[in-house]
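Reader: I'm new to this one and would like a close look at a single part. Please walk me through the salt bridges, then show me what sits around them.
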Amino acid sequence: MSLRHGLLGLLAEGPASGYDLARRFTEVLGSIWPAQHPKIYAELNKLAAEGLVEVESEGPRRRKAYRITDAGVVEVKRWLTEVDVDHTMRLQPLLRSLFFWMMDTDELQRHLEAEATYYRELADQYRDYAARKDRGEFGYSEQTQSMRVTIEAGIRLYSALADWAEWAQTVPPAKPTSPHTNG
């Protein structure tokens with residue numbers, strides 16, 4: 001996902017400061033797509049220079065609230081409908097799994113147990129969020145409905161990773177095979 005398009009999409013919901021946008025990224029996408037404050041502010045400046053956003057107001061301590069322009073809305077829609085989806089996923093746990101053979105069995109078991117717990121807890125957090133959305137705590141706007149779809153993806157992704165970490169505890173290298181005896 002492009003940070004610029006994520007920011008434009010969030011600003012399509014309404015004006016926000018860089019701080020508010022960083023909080024929204026954390027709230028909605030958390031560990032799936034983290035966005036750091038310096039990168040957000042740098043991207044907002046680029047978007048403003050390109051005429052895709054503009055400063056709506058400036059508050060205390062020079063805090064700026066940005067809003068999307070008509071050109072910004074056109075750009076988000078172009079990205080959604082015309083740009084090929086980047087299906088690349090960088091999951092460090094999967095990269096690490098390639099080298100599990102280098103860990104002691106006990107270390108690997110502890111690691112995989114911690115991973116399973118971590119992913120189950122994240123899936124549960126997303127389930128709680130989904131339940132709140134389903135109860136209408138955030139209304140029933142199109143944005144909320146789209147966010148519900150995103151939350152469901154998080155639930156399913158983290159549940160699958162938890163299942164994977166639990167399964168990995170039951171097979172080599174986490175569970176060594178006994179040597180074959182021919183007899």
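Author: Let's start with the term itself: a salt bridge here is a side-chain nitrogen of Lys or Arg within 4 Å of a carboxyl oxygen of Asp or Glu. Side chains of opposite charge can pair up like this when their charged atoms come close. Bear in mind that you're looking at a predicted model, where local features need pLDDT of at least 70, side-chain atom pairs count only at pLDDT 80 or more, and totals for chains, interfaces and linings use all residues. Residues are numbered from 1 along each chain as its sequence is written, and side-chain values use heavy atoms, with hydrogens and water left out.

The whole structure holds 17 salt bridges, and one of them makes a handy way in. Asp20 pairs with Arg23, and their closest N and O atoms are 3.9 Å apart. These two sit 3 residues apart in helix α2, so about one helical turn separates Asp20 from Arg23. (Helices, H or I with at least four residues, and strands, E with at least two, are DSSP runs numbered from the N terminus.) Asp20 is partly exposed because its relative accessibility is 21%; the scale calls a residue buried under 20% relative accessible area, exposed over 50% and partly exposed in between, using a 1.4 Å probe and protein chains only. Arg23 lands in the partly exposed class too, since its relative accessible area is 40%.

That pair has company. Asp20 and Arg23 belong to a network of salt bridges that also links Glu13, Arg24, Glu27 and Arg63. A small caution goes with helix α2, which covers residues 18-29: its mean pLDDT of 86 is the lowest among the elements of the chain, whereas helix α4 (residues 70-82) has the highest, at 97. For the chain overall, pLDDT (the predictor's confidence in each residue, from 0 to 100) averages 91, and 96% of the residues score at least 70.

Now for the sheet. It is an open one with 3 strands in the order β1-β3-β2, paired antiparallel. β1 and β2 stand at the edges with a single partner strand each, so one side of each has no neighbour in the sheet. Two strands count as paired if DSSP finds at least two bridges between them. For β1 (residues 16-17) and β3 (residues 64-68) there are 2 bridges, and Ser17 has Ala65 as its partner. On the β2 side, where the strand spans residues 53-58, 5 bridges connect to β3. Ser57 stands opposite Ala65 there, Val55 is partnered with Tyr66, and Glu58 with Lys64. β2 and β3 make a hairpin with 5 residues between them, and Arg61 in the turn has a positive phi of about 55°.

UniProt puts a name on this stretch: an unreviewed entry gives "domain: Transcription regulator PadR N-terminal" at residues 7-77. (UniProt positions follow the numbering used here, with shortened feature names, and annotations may be inferred rather than shown by experiment.) In the model, the end C-alpha atoms of residues 7-77 are 13 Å apart, and the span is 56% helix and 18% strand.

Further along the chain there are two more pairs to look at. Asp134 and Arg148 meet through their side chains in a salt bridge of 2.8 Å, N to O. This pair ties together distant parts of the chain: Asp134 is in helix α6 (residues 105-134) and Arg148 is in helix α7 (residues 142-168), 14 residues apart. Asp134 counts as partly exposed because its relative accessible area is 47%, and Arg148 does so at 21%. The other pair is Arg132 with Glu137, whose closest N and O atoms are 3.0 Å apart. Arg132 is partly exposed at 34% relative accessibility, and so is Glu137 at 44%.

The unreviewed UniProt entry covers this region as well, listing "domain: Transcription regulator PadR C-terminal" for residues 94-169. That span is 80% helix and 0% strand, and its end C-alpha atoms lie 14 Å apart.

To trace it all yourself, start at Asp20 and Arg23, follow the network through residues including Glu13 and Arg63, then jump to Asp134 and Arg148 for the link between α6 and α7.
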